[in-house]
Structures are given as structure tokens and as C-alpha cells.
Amino acid sequence: MGAIETEKLIGPRATTSLVSRGSPLASAAQQREVLLRFSQGQFVEKAGRLAPTGIDIFQINVGKLCNMTCRHCHVDAGPDRTAEMMSRETVDLCLAALDRTSAKVVDITGGAPELNPHFRYLVDECVARGKQVMDRCNLTVLLTGPCRDLPGWFAERGVEVVCSLPHYRKRNTDLQRGDGTFEKSIEALNRLNAAGYGKGDARLRLTLVHNPAGAFLAGDQKSMEKEWKEGLKANHGVTFDSLIALNNMPISRFLEWLESSGNLQSYMELLVNAYNPGTVQGLMCRNTLSVGWDGRIYDCDFNQMLELDARYSDGRPAHIRDFDPQQLASRAIVTGRHCFGCTAGTGSSCGGAIA
Ligand code: SF4
Ligand code: SF4
């Protein structure tokens with residue numbers, strides 16, 4: 001690894017949440033303010049106004065509670081984030097809204113979504129509706145007391161497990177997620193494999209998610225997948241079905257790190273200069289709705305963290321309690337400079353590279 005790349009790497013340990021430290025960047029308004037400082041690259045001038053194509057994916061963020069505190073986290077999740085937890089009432093409102101869409105996929109995320117007390121209820125209700133359910137899992141949570149049975153529980157229901165693992169090498173993963181994370185992640189992957197995941201069965205899909213450990217773009221997804229499959233199999237006996245590579249978004253704790261390490265200006269320039277018009281058609285905000293823990297509705301998870309609400313055509317912020325799919329179909333997607341993170345290089349979405 002060269003000197004320049006090393007300078008752009010994230011520091012050696014996990015951190016604490018911005019909220020727990022009373023950081024100004026805990027405020028979404030402050031994050032938006034920081035992003036506005038950059039004069040170069042107006043997203044709308046490059047990509048035009050984005051319009052939704054439908055609701056294929058119904059994403060539910062059930063809260064910010066997490067057993068980890070990774071440095072790159074765009075959610076500012078952590079063990080202290082107990083207040084932001086989707087209630088059973090809001091879960092039921094989400095299910096009622098889901099019934100009014102043609103979404104085939106329900107993408108459940110957090111924090112560590114498995115720590116929400118209504119998580120299993122939500123999964124069971126979505127499975128009963130015939131939806132393809134995806135759990136965005138940090139792996140280590142599967143080793144915590146109440147979640148240890150989840151690999152088998154997921155397998156019984158055919159839940160797709162989408163697991164974040166920054167790298168197949170220990171050093172790179174522990175840099176971003178904290179010492180000891182890699183070993184725990186491997187143990188969790190072994191348990192998923194033992195439950196039948198990651199062996200080519202379309203009902204038991206195991207997807208790994210990579211994001212870079214610093215101020216550079218994700219590498220080539222296809223070649224990384226091959227390298228990871230070989231590396232994890234040879235060194236740990238782990239198998240998985242596919243790998244998706246995401247760019248880090250200049251939001252929340254990754255934004256803080258960019259600013260404090262002096263990488264913010266160059267990273268924003270990198271994102272703008274790497275703008276790829278071929279990604280615009282496949283941006284996830286076009287076919288996804290993202291519901292926050294408190295029922296507010298957004299175009300995507302990133303807008304959710306910046307508190308950029310989706311708006312009905314009459315200007316009201318959309319909320320799950322007055323869910324109106326017709327009005328949402330004609331909304332203008334809210335964009336900003338952070339959107340360059342989705343259009344840089346081969347693009348980046350919850351499903352990985354776009355172009
Ligand atoms: S990146 Fe994922 S695992 Fe890490 S703190 Fe954030 S939500 Fe938790
Ligand atoms: S950040 Fe959200 S709104 Fe912006 S381009 Fe990405 S998915 Fe779309």
C-alpha cells in the first residue's frame with residue numbers, strides 16, 4: 001500500500017457516536033451546512049431533476065441502535081442510540097403502507113436492525129406477504145445473546161442476509177470497525193454457512209458488502225468478488241454468493257473523519273470529478289422508498305440521515321401515517337452534493353455498483 005493511500009486511510013480503532021460526544025456534526029443541519037461549503041459541482045446541473053420510476057424496494061430503517069461504532073458509519077449508530085427505535089405502531093403503519101405498493105423487496109436496515117424488539121415480527125409479516133426480505137446485518141450482532149439463533153431462523157424463512165464486511169483481510173476490517181471485528185465476523189459467516197447460506201441456493205443468499213477504508217472510491221466489484229471468494233475460502237473456509245461494493249458517503253461519522261483528517265475537499269473533488277452519467281438511470285432513489293425509525297419517509301437512506309424528507313406534491317413532508325403512494329409517485333427526488341457519492345465511478349447503491 002503506497003504512502004498516499006495510507007494517508008487516506010481511516011484511523012486504527014472504532015469510535016463513539018457523534019451524539020454521545022456532543023459533536024456539532026450530530027446535527028443533520030450542520031452536516032448539510034458543511035456540504036454546502038463546496039462551490040464546485042451542483043448535482044442537479046449534472047444529473048438533472050430525478051424522478052421516481054416506482055416503488056420496487058420498500059426500505060425500513062428500524063433504528064440507530066448498534067452493537068458497533070464503526071468510523072465510517074453514515075447512520076451515527078452505536079450502543080448509546082437507544083432512543084431512536086421504531087415502535088410496534090410504526091412497524092404496523094409500515095406494513096399497511098407496504099400493502100398499498102407493488103414492492104417485491106423489503107430491505108430492513110438500522111443500526112443493527114436485529115436489535116429492534118419488533119424485528120422478528122416485521123420479518124414474519126413481510127414473509128407472510130410473499131415479499132423478498134433482506135436483512136442488512138453487521139455480522140458481529142449474530143454472536144450476541146438474543147441473536148445467536150438468527151442464522152437458522154433466517155434460513156427457515158428464506159431471508160436474504162446482506163452482511164457488511166469491509167475487507168477479507170483482518171487488518172483492513174479491524175481498521176474500520178474496531179479490533180477483533182474480523183474474527184467475530186468470520187465466526188458469524190461460518191454460522192451462516194452452517195445454516196445453508198452462501199452455497200448457491202437462491203433461497204439462502206449471502207451477500208457481502210465492501211466499502212473502502214478511506215477517502216477513495218470502491219474498487220471493481222467483479223474482480224473484488226473473485227478475489228474475496230478465493231481469499232475467504234482458502235483462509236477461513238467461508239463461502240458467499242455475491243459481493244457488492246459501495247462508496248463511502250460524505251455523511252455523519254465519515255464526514256467527520258474526512259473533515260478532521262483534511263481529506264474533505266479532495267474527497268468531494270474526487271466524487272465530482274468521477275461523475276458517471278451512466279449511473280443516473282439506476283440510482284436507488286428512483287425505485288426505492290426509505291422509511292425512518294420515526295415514520296418519516298425519504299428517497300433513500302442517505303437523505304434519511306441528512307433529514308432531507310421526501311415531500312408530497314403539496315409540499316408536506318411525507319410520513320408513514322399519511323402514506324400516499326400516488327402523491328409520492330409524482331414527487332421530485334431531493335438531491336444535494338452528497339449524491340455525487342452515488343454517481344462516482346461505477347456508481348453506488350444499496351445493490352452495489354450501478355454501471
Ligand atoms: S456501519 Fe453498520 S455496523 Fe457499523 S456502526 Fe454503523 S450501523 Fe453499526
Ligand atoms: S444520495 Fe439518495 S437521492 Fe442522492 S443520488 Fe444517492 S440515492 Fe439518490
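**Two ligand sites and a covered helix**

I will begin with the shell around ligand 2, which by class holds 10 nonpolar, 2 polar and no charged residues, where Ala, Val, Leu, Ile, Met, Phe, Trp, Tyr, Cys and Pro count as nonpolar, Asp, Glu, Lys and Arg as charged, and the others, Gly among them, as polar. Before going further, please keep in mind that this is a predicted model, in which local features need pLDDT of at least 70 and side-chain atom pairs count only at pLDDT 80 or more, while totals for chains, interfaces and linings use all residues. Residues are numbered from 1 along each chain as its sequence is written, chains are lettered from A and ligands numbered from 1 in the order in which they are written, and side-chain values use heavy atoms, with hydrogens and water left out.

The residues around ligand 2 are Met 249, Leu 283, Met 284, Cys 285, Cys 300, Phe 302, Asn 303, Ile 333, Val 334, His 338, Cys 339 and Cys 342, a residue being counted if one of its heavy atoms lies within 4 Å of the molecule. The space that ligand 2 takes is the second largest cavity. A cavity here is a set of points, on a 1 Å grid over the protein atoms alone, where a 1.4 Å probe fits but cannot get out, and a molecule sits in one if more than half of its atoms lie within 2 Å of its grid points.

Which space, then, does ligand 1 take? Ligand 1 takes the largest cavity, and the residues surrounding ligand 1 are Cys 66, Met 68, Thr 69, Cys 70, His 72, Cys 73, Ala 77, Gly 111, Asn 138, Arg 177 and Arg 253. By class, this shell around ligand 1 divides into 5 nonpolar, 4 polar and 2 charged residues.

Turning to the chain as a whole, there are 14 helices and 8 strands, these being DSSP runs numbered from the N terminus, with helices (H or I) of at least four residues and strands (E) of at least two. The chain has a radius of gyration of 19 Å, which agrees with the value near 20 Å for a compact globule of 355 residues; the radius is taken over C-alpha atoms, and the globule rule is 2.2 Å times the number of residues to the power 0.38. Buried residues make up 57% of the 355 residues, where buried means under 20% relative accessible area, exposed over 50%, and partly exposed in between, with a 1.4 Å probe and protein chains only.

One of the helices, H10 (residues 252-260), is mostly covered, with 7 of its 9 residues buried. The buried residues of H10 pack against H2 and helix H11 (264-273), contact meaning heavy atoms within 4.5 Å. Among the buried residues of H10 is Arg 253, which also belongs to the surroundings of ligand 1. Ser 252, also in H10, has a positive phi of about 55° although it is not a glycine, and Ser 252 is buried, with a relative accessible area of 2%. Just after H10, Gly 262 takes a positive phi of about 75°.

On helix H2 (residues 28-36) we find Ala 29, which counts as partly exposed because its relative accessibility is 43%. Ala 29 and Leu 308 are 279 residues apart in sequence, yet 9.4 Å apart in space, C-alpha to C-alpha.

Finally, Glu 307 lies in the loop between helix H12 (301-305) and helix H13 (325-329). Glu 307 has a positive phi of about 55° although it is not a glycine, and with a relative accessible area of 40% Glu 307 is partly exposed.

Conventions
On a 1 Å grid over the protein atoms alone, a cavity is a set of points where a 1.4 Å probe fits but cannot get out, and a pocket is an open set with protein on both sides within 12 Å along at least five of seven lines; lining residues have an atom within 4 Å of a point.
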